[in-house]
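Good morning, and thank you for the opportunity to speak. I would like to walk through one chain, beginning with its overall build and ending with a feature of its surface.

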Amino acid sequence: MPNPMLQFEIKRLIKLDLFGLDASFTNSSLFMVIAVFLITLLTIWGMRGRALVPTRMQSVAELSYEFVANMVRDNVGSAGQKYFPFVFSLFMFVLFTNMLGMVPYSFTVTSQIIVTFALAALVFIGVTIIGFAKHGLGFLKFLVPSGAPAVLLPMLVVVEAISYLTRPLSLSVRLFANMMAGHAMLKVFGAFVVGLGFLGGWAPLAFMVAFTGLEILVAFLQAYVFAILTCIYLNDALHMHH
Amino acid sequence: MVRAAWPFYKGRGCRLIGAVGPMAKFVKSHGGNRTRNRENRSGERDDRFADFEKRLERARGHPGDAPEAQARGSAMGTAFRISTELVVGLLVGGLIGWQLDRWFDTSPVFLLLFFVLGAAAGIWNVVRTALAMQSDTGDAQAATKKPERGPDAK
């Protein structure tokens with residue numbers, strides 16, 4: 001049986017050494033570049049006509065724009081319009097890397113925890129800076145729950161601080177674990193199909209067809225959850241209420 | 001750039017209204033006059049137009065179905081959110097305690113303490129998300145509830 005974890009291996013395509021740091025162009029980098037290229041293709045080439053009655057490509061571009069615009073407006077309000085480009089880029093990048101992972105023989109960038117953690121840390125640090133820039137030191141009041149008895153306050157502040165610090169980790173672990181578990185599972189069941197042969201292989205094959213559908217749903221949902229949590233964190237930083 | 005694009009986004013709603021335009025014209029030219037005459041005589045509206053809204057809704061293709069599927073999707077998203085929150089709370093609490101123990105050489109005091117605090121933080125996150133979700137759906141239900149069905153539907 002083939003190793004189901006082998007598909008997550010990083011391979012150096014172009015060896016590159018920057019001041020002692022390994023900055024090689026890997027298969028992971030390649031698929032990030034492909035994702036960015038496809039997003040650019042969709043949003044710039046797809047919108048080239050700017051027709052009143054959109055073509056198929058333009059319709060997809062408009063739909064994704066509206067989807068994220070709606071999300072930002074509903075969760076952050078009008079103050080969030082400034083951050084729409086960031087949330088849109090983030091959503092499209094996660095969505096495209098997730099979906100590219102569903103193509104056979106491709107590489108799933110978001111199954112690497114360092115990639116998802118970098119994205120989550122970007123959101124976390126950015127949101128914290130926005131909070132402090134907007135409210136000054138008053139942003140620390142975010143950690144103090146309102147209406148709590150004074151005796152419990154020190155403990156509650158620690159709990160709130162931990163809960164704030166879990167944000168980047170829960171954001172990255174959720175995306176990484178879902179993508180990795182799904183792809184490893186697909187590989188395992190693929191091995192079952194081959195191993196059980198022509199007679200017994202049909203049952204895992206049927207399961208795999210259904211599971212691939214579920215994986216496509218998960219790929220979309222995880223991008224959606226990542227973007228909506230970014231919106232919620234932004235809203236917390238801008239409006240500071242629990 | 002976003003601000004410039006925002007009105008465009010709002011304007012898209014007009015296309016729906018524009019689609020009704022020709023239909024309204026059609027209705028006017030095919031019996032609109034008769035309706036007006038009848039209204040003048042009896043003071044009541046023509047019965048044929050009583051269910052017009054309903055038929056229009058049907059022609060537009062069951063808009064009631066879309067929010068349901070959407071709600072199911074976002075409910076699944078919430079499930080994904082909540083489930084990780086618990087585990088990660090423990091993990092972060094444990095990591096902080098472990099590091100504090102290494103700094104102060106007090107193993108395992110802080111590890112135990114922060115493990116519990118991390119669990120509390122995880123559960124608190126889940127409760128907060130669930131409360132927010134509950135108030136959201138409560139509002140949505142109040143908004144969509146038909147007033148005439150209010151007393152029966154409890």
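Chain B contains six helices and zero strands. Please bear in mind throughout that this is a predicted model. If we follow the sequence of chain B from start to end, the pattern reads α-α-α-α-α-α.

Let us now turn to burial and contacts. Chain B has 154 residues, and 21% of them count as buried. Among the contacts in chain B whose partners are separated by 6 or more positions, 47% join residues 24 or more positions apart.

What does the surface consist of? Chain B exposes about 11800 Å², and 61% of this area is supplied by carbon and sulfur atoms.

One part of that surface deserves our attention. Which residues form a nonpolar patch on the surface? They are B:L86, B:V87, B:I123, B:W124, B:V127 and B:L131. Together, these residues have about 510 Å² of accessible area.

Where in the chain do the patch residues come from? Two helices of chain B, α5 (65-104) and α6 (109-144), each supply at least two residues of the nonpolar patch. The most is given by α6(B), which provides four residues.

Finally, I would like to consider a single member of the patch. B:V87 is located in helix α5 of chain B. Is B:V87 buried or exposed? Its relative accessible area is 52%, and exposed means over 50%, so B:V87 is exposed.

To close, we may return to the patch as a whole: α5 and α6 of chain B each contribute at least two residues to it. Thank you for your attention.

Technical notes. Residues are numbered from 1 along each chain as its sequence is written. Chains are lettered from A and ligands numbered from 1 in the order in which they are written. This is a predicted model: local features need pLDDT of at least 70, side-chain atom pairs count only at pLDDT 80 or more; totals for chains, interfaces and linings use all residues. Side-chain values use heavy atoms; hydrogens and water are left out. Buried means under 20% relative accessible area, exposed over 50%, partly exposed in between (1.4 Å probe, protein chains only). Contact means heavy atoms within 4.5 Å. Accessible areas come from the Shrake-Rupley method with a 1.4 Å probe; for residues, only the protein chains shown count as cover. Patches are made of residues with over 30% relative accessible area and no salt bridge: like charges are joined within 9 Å, nonpolar side chains (Val, Leu, Ile, Met, Phe, Trp, Tyr) within 5 Å. A salt bridge is a side-chain nitrogen of Lys or Arg within 4 Å of a carboxyl oxygen of Asp or Glu.
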